[in-house]
Amino acid sequence: RQQKIMLRLLGALLWVSCLAAQYTNGTQYKIPCRVLTNAAHPNLCMPVVGLGTGGYGSALPPPAYPECWKDPGCCPSPDKCLVVTAVKEWLKHGGRRIDNSNDYENEPGIAKGIAASGIDRKEIWITSKVGGAMFPLGYKDALDQFAATLKLLKTDYVDLLLIHWPVNMKHSSDPLCNKGAEYNATACRLNTWKALLHIFHTGGAKAVGVSNYNTSHLNEIATEGLALPSVVQNPFNPYRRQAAVKKYCTQHNIAFNSYSPLGVPDFKKYPAPMTPVLLQDPTLVKIAKAHKVSPAQVVLAWQWSTETLVNPRSANVEHMKENMDFFKVKLTAEELHQIGSLPQDYCSVDPSWYECIPDHED
């Protein structure tokens with residue numbers, strides 16, 4: 001009991017310190033950062049807001065919708081490459097964290113955008129991932145993917161490296177990861193996590209973590225006696241809350257980072273009883289009007305109230321600015337309750353959406 005109390009006090013202190021810590025970016029936006037623990041360098045502070053770079057569009061350059069962030073694939077010329085322009089503008093206007101993955105097929109564009117911004121690499125936080133839908137899990141596989149990522153991003157380290165998915169989706173060099181006589185999903189995940197810890201201890205990443213993990217996956221790491229992740233990145237928004245995972249993260253001082261914080265408005269249409277586009281939900285629109293801000297800022301302010309780091313994706317410069325300027329929004333207790341009571345996107349009502357909530361999620 002006493003240990004749990006001390007851990008909670010430590011977590012509170014980390015958030016107090018992050019409120020005081022601001023990324024110095026030379027712009028009007030002062031973005032707090034969260035001090036990471038567990039598998040992270042001492043006093044490493046992660047900016048609360050990052051630019052999501054995983055798009056759902058398939059081919060056309062802007063202004064195509066859904067946005068296509070691939071490079072190559074959506075870059076007919078340098079001046080029409082969405083990912084390059086978006087990263088450059090994000091950094092130009094004060095953003096300092098970029099969330100990426102080898103699965104997004106745009107690492108060259110991320111590198112070009114960083115170079116075009118003129119911002120020193122040391123001022124930029126890059127999150128990358130291994131073992132996604134297009135790449136396998138496994139110890140050697142993770143090391144090989146990371147080496148390739150560094151070359152494509154034109155950097156010699158990343159600030160945060162994540163295991164993208166806890167399920168192996170491609171053939172792995174590790175027989176424990178492939179369906180067959182030796183298949184062992186837990187051992188496969190643990191071997192992959194050991195690879196990330198090796199990368200961390202040898203200087204390739206300042207911190208390591210996981211994505212799309214539930215509490216049983218996290219407990220596998222704890223049971224093995226390995227260092228816990230510094231960050232868990234999962235889908236999280238008013239239609240997709242994750243009480244069990246967030247509670248686990250709070251208890252173990254793991255930073256919780258949301259992707260799809262705004263509900264993928266350029267691609268996803270939610271079924272009833274939800275509003276098809278999250279940002280058009282009447283409750284959010286009403287609260288936004290009361291505060292004279294956008295619904296996106298209301299959602300991000302709600303997430304901030306739950307100690308969540310966010311990765312809003314947008315190629316629109318005005319939206320980028322809004323996404324860096326939500327800390328001024330002070331929601332009332334009643335407004336927080338209203339947002340926290342919105343209907344949930346359970347898999348029983350939305351089975352085709354990979355971010356839906358399992359009816360018995362742990």
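**Nonpolar cores and two buried residues**

In this predicted model, the largest nonpolar core holds 79 residues. Leu161, Trp193 and Val208 have the most contacts inside this core. Helix H5, spanning residues 185-201, gives the most to the core, with eight residues. Apart from this core lies another, of eleven residues. Ala40, Met46, Trp125 and Leu309 are among the residues of that second core.

Contacts of Leu161 were listed without counting residues up to four places away in sequence. On that basis, Leu161 touches Ser128, Lys129, Val130 and Phe146. Leu161 also touches Leu196, Ile199, Ala205, Ala207, Val208 and Gly209.

Ala142 is found in helix H4, which covers residues 139-153. The relative accessible area of Ala142 is 1%. Buried means under 20%, so Ala142 counts as buried. Beyond residues up to four places away in sequence, Ala142 touches Val130, Thr192, Ala195, Leu196 and Ile199. One of these contacts, Leu196, is 54 residues from Ala142 in sequence. In space, the two C-alpha atoms are 7.4 Å apart.

Asp345 lies in the segment after helix H11 (333-339). Asp345 is buried, yet has no salt bridge. The nearest side chain of opposite charge belongs to Lys268, 4.8 Å away. A salt bridge requires a side-chain nitrogen within 4 Å of a carboxyl oxygen. Lys268 nonetheless appears among the residues that Asp345 touches. With residues up to four places away in sequence not counted, the others are Tyr239, Tyr270, Pro271, Met274, Asp350, Trp353, Cys356 and Ile357.

Methods. Residues numbered from 1 in each chain as written. Predicted model: local features only at pLDDT ≥ 70, side-chain atom pairs only at ≥ 80, totals over all residues. Heavy atoms only, no water. Core = buried A, V, L, I, M, F, W, Y, C linked by side-chain atoms within 4.5 Å. Buried < 20%, exposed > 50% of the residue type's maximum accessible area, 1.4 Å probe, protein only. Helix = DSSP H or I, 4+ residues; strand = E, 2+ residues; numbered from the N terminus. Contact = heavy atoms within 4.5 Å. Lys, Arg positive; Asp, Glu negative; His and termini not counted.
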